[in-house]
Amino acid sequence: MMRLPKLLSMLVTLLACAFLLVPTLQSVLAGITANYFRGISSGLTLKWVIEVWTLYADSIFLSIWLAITCLAVTLILGVPAAYALARNPGRLSRVLEEFISLPLAIPGLALALALLQLYGSQQGFRAHWSFILVGHVLYTLPFMVRAVQAVLAAIDLKTLEEGAASLGAGPARRFVDIVVPNALPGILAGSLTVVTLSIGEFNLTWMLHTPLLKTLPVGLADSYASMRLEIASAYTLVFFVMIVPLLMAMQWASARAQRILS
Amino acid sequence: MTLSLSSVAKTYGDGTRALNPTDLEINPGEIISLLGPSGCGKTTLLRLIAGLEVPDNGANIRFGDEDVTRLPVEKRNVGMVFQSYALFPNMSVRDNIGYGLKMQRLPRAEIQSRVDEVIALCRLEPYANRAITALSGGQRQRVALARAFAPRPRLMLLDEPLSALDAALRLELRDELAALLRQFGTTVIFVTHDQDEALAIADRVAVMEGGKIRQIGTPEELYRNPQSAFVAEFVGHAMPLSGEIRQQTLCLEGGELPLPDHAGGGSVYVRAEDLRADPTGPLQAKVETVTFLGTHYRLGLTGLTGQRMFALHHGASSPAIGDNLRLSIAPDALICLPHS
Amino acid sequence: MKETPVTARSFGVLCLLPLLIFSLAFLALPLVRLVLSSSEGADGWSVYIRMLQTPRYLAALLQTLLVSGAVTVAALAVSTTAGLFLTRNRFWGRSALLSILTLPLAFPGVVVGFMIILLGGRQGLVNQITPGHVVIAYSTFGLFLGYLYFSIPRVLLTVMAAAEKIDPALEEAARSLGAPAYRVLWDVLLPALRPAMVAAGAIAFATAMGAFGTAFTLATDIDVLPMVIYTEFTLSANFAMASALSIALGVVTWGVLLIARSLSGGTVAAGG
């Protein structure tokens, strides 16, 4: 026998699942149906996916390229900084941490406007893919710093380093030999988050992109506005195929890092 | 109110038998301890009595004349003290203690006066309006007791009430807890893995192992007349005197010991405090370790039986390591068990 | 070479330097520029006064606050219910439900907008299966559904993490004192979840306030603040007002997160 509150909460859970899942399935289906308005009976086809590829392959490659470079930059900027912040906890570190986390609180649109008004007139930079990269790095950097910092805060970093120092290792050696290997679970979780977020970033990118530099989500917005439903759906399907494995890997890595923390 | 259990058993969904069919009768006002190692089923039995677990079919739990077997915990009117105390952090000490009375929908004034009464009884006056987080471990324990007792439960159930405290405080609060429980006057069942706690607080102790009650009796009975090797070893750490019995004599590696008439053909046990250094004693062993414990020395001995034995030695000085020591055991100190 | 505290410190500075330079060049300076830009229009600094006196901007701000507030409440209600249900029950298919509920975590706003069009648009599911022509996607309600769509997973994860840490004995204690199920929820579970709910609610609110992609995909005639900023900037080329509105939006969002953090005591940050 099931009590009423339990029954109700099960109903809410299932309804929420349906709300999230049904349109996702619709979109997958529409992407491989010959004619969505006539339904499945019109036959299944890959022609829309192929058409998406001919129309938008560039945007997909640009997004992958941006995600990889964004990861590289956040690793170079974020990991040493997370280490320095974890080693010197104090007011100044907190202020800095708070400051680099601003892009999480300030809407992407506002940040994009700020970047555009300062650098928009420099045509060489404005029209280059690295201009979009700056936006992606701004937005993903706090995730990398936090993920690494959380792991470094959980291990007894100071004692480990003192141990290494007593054996004669200098600061740079300690960073390479002690800090990075021990922070790996956090670096992995942070990296997957950065790649996932970079591939899906739209709010900043829409303002920063140029007609010649369209990322995957920009292309999606474009197809939603101007293409037939099947092509928009097929493009969304391509996006799902890229993002869902990343999302699952990200959740797995975060759970793993969390286990190390406790 | 008499608590009677018959054929109460618990099997979990994955097939684990946490408790074998158990019968138990507890008299009104009695303090009973369920004692055993972890995983022996003592907490399961307590939770079944509380109504937090549903027993297997065929079980019957009665509070006096009332069959409560299928009654959920919120309708059983039992007072529970949890191992973690489970005090509500969002309420003050006073609100925690009054929560059960509020659930009984008593008038506000009556709740106030009864909470005051319990607060006085548990000597919590200075802390009544504090937040739970501002209390020490010992104070939390008293609040947990007061909260469980305030609604005048038919039965108080305590799950390891002292284990969240550190060792020094535990000893101090043990006697305080015993006194307070007697003042309450209700029937109390408390679960512990610590034999000292059980012996110090309870009127009767039920020793449990492997999902069964092995023996139930007063602390003295259990200590003096254990019915099984498990109870002898778990209560009072009796050590087996393993050797060969010929007629009425126990032949050990370190000598021969005459057995009293009541000894059957089973095993013989002795406790460390009953193994005495005696220059004229019939037994002999070699001192291997000496540990000074303030009031006495604890000697580790070899050569008496196949295993290492321990003896307590009172006196200003102890034998040295490597000494050969003569020992005796008073006949009535021997614990003789039948064949198992 | 013998190591001195000075080399250790200078190594720490070296570690921070790249991040400092990047943040200065691409975060601090642009934000300063944004503030200055807001004053470079015809109104000078009084652009902020004009912003508050223009009904269209005020209405957009109000509409944004209302939708975000409604989404926050709805997402908290749905996700807390589902989160408690999923933490307290173990059943076959549970992890599948959990995966479905966290799936939209990586969906950008545009995709969420498209999901809502598929559900409630002109060619959407609701329109097909209901007799009358019901199109909900392009209205404020459609926007609400879109924001709810991406808020549910975020709130759910935070609430579930907190729900798993609640001592089960707390609930048992309340029940042993005679509390029925709804009192256990009210007196024990919700107070224990409160910090997580404040944190998650603040994130949902902040994300909804700044969300642009969903509104962009759904329609252009919904006047929420990010859409207004976008049209001011790209269509009207009113850079000063666009900057002023961006700053207002940023300050409100950041303020909400700050208040929430002081209430919940933990770290609150928007994401996605």
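Which residues does L157(B) touch, not counting residues up to four places away in sequence? They are L46(B), I49(B), A50(B), V78(B), G79(B), M80(B) and I189(B). The model discussed here is predicted. The report starts from this residue and the core around it, then turns to parts of chain B, to chain A and to the contacts between chains.

**The nonpolar core**

L157(B) is one of the residues with the most contacts inside the largest nonpolar core, which has 273 residues. The others named for this are L113(A), A146(B), I189(B) and I152(C). I189(B) is also among the residues that L157(B) touches. Helix α2 of chain A, residues 47-87, supplies the largest share of this core, with 18 residues. Domain 1 (3-234) and domain 2 (239-336) of chain B both contribute residues, so the core lies between them. As a general point, nonpolar side chains in soluble globular proteins tend to be buried together.

**The two domains of chain B**

Chain B is divided into domain 1, residues 3-234, and domain 2, residues 239-336. The C-alpha centres of these two domains of chain B are 39 Å apart.

**A buried helix in chain B**

Is helix α2 of chain B, residues 93-103, largely enclosed or largely open? Of its 11 residues, 8 are buried, so this helix is largely enclosed by the rest of the structure. The buried residues of α2(B) are V93(B), R94(B), N96(B), I97(B), G98(B), Y99(B), G100(B) and L101(B). They pack against α3 (108-121) and α4 (137-149) of chain B. Just after α2(B) comes R105(B), which takes a positive phi of about 55°.

**Strands in chain B**

Strands of a sheet pair through backbone hydrogen bonds, either parallel or antiparallel. Three of the strand pairs in chain B are set out below, each with one pair of residues that face each other.

| Strand pair | Sense | Bridges | One residue pair |
|---|---|---|---|
| β1 (3-11) and β4 (60-63) of chain B | antiparallel | 4 bridges | L3(B) and F63(B) |
| β1(B) and β2 (17-26) of chain B | antiparallel | 6 bridges | V8(B) and T22(B) |
| β15 (268-270) and β21 of chain B | antiparallel | 2 bridges | Y269(B) and I335(B) |

Strand β1(B) therefore appears in two rows, since it pairs with β4(B) over 4 bridges and is joined to β2(B) by 6 bridges. The hairpin of β1(B) and β2(B) has 5 residues between the strands, and in it G15(B) takes a positive phi near 95°.

The pair β15(B) and β21(B) belongs to an open sheet of 3 strands, ordered β11-β15-β21 in chain B, with antiparallel pairing. Its edge strands are β11 (239-240) and β21 (335-336) of chain B, each of which pairs on one side only.

**Chain A**

How many helices and strands does chain A have? There are 12 helices and 0 strands. The C-alpha trace of chain A spans about 75 × 70 × 30 Å along its principal axes. Chain A has 262 residues, and 50% of them count as buried. Among its contacts with a separation of 6 or more, 76% are between residues 24 or more positions apart.

**Contacts between the chains**

Which of the 2 pairs of chains in contact shares the most contacts? Chains A and C do. Their contact involves 70 residues from chain C and 62 residues from chain A. On the side of chain C that touches chain A, helix α1 of chain C (residues 5-38) gives the most, with 18 residues. By class, that side consists of 52 nonpolar, 16 polar and 2 charged residues.

Chain C also meets chain B, with 15 residues of chain C in contact with 16 residues of chain B. The elements that give two or more residues to the chain C side of this contact are α8 (168-176) and α9 (181-210) of chain C. The largest share, 6 residues, comes from α8(C). By class, the side of chain C that touches chain B has 8 nonpolar, 2 polar and 5 charged residues.

Chain A and chain B are not joined by any contact, and their closest C-alpha atoms lie 13 Å apart.

Conventions:
Residues numbered from 1 in each chain as written. Chains lettered and ligands numbered in written order. Predicted model: local features only at pLDDT ≥ 70, side-chain atom pairs only at ≥ 80, totals over all residues. Domains from an automatic or database assignment. Contact = placed C-beta atoms within 7 Å. Nonpolar A, V, L, I, M, F, W, Y, C, P; charged D, E, K, R; others polar. Core = buried A, V, L, I, M, F, W, Y, C linked by C-beta atoms within 7 Å. Buried ≥ 20, exposed ≤ 12 C-beta atoms within 10 Å, placed from the backbone. Pairing = 2+ DSSP bridges.
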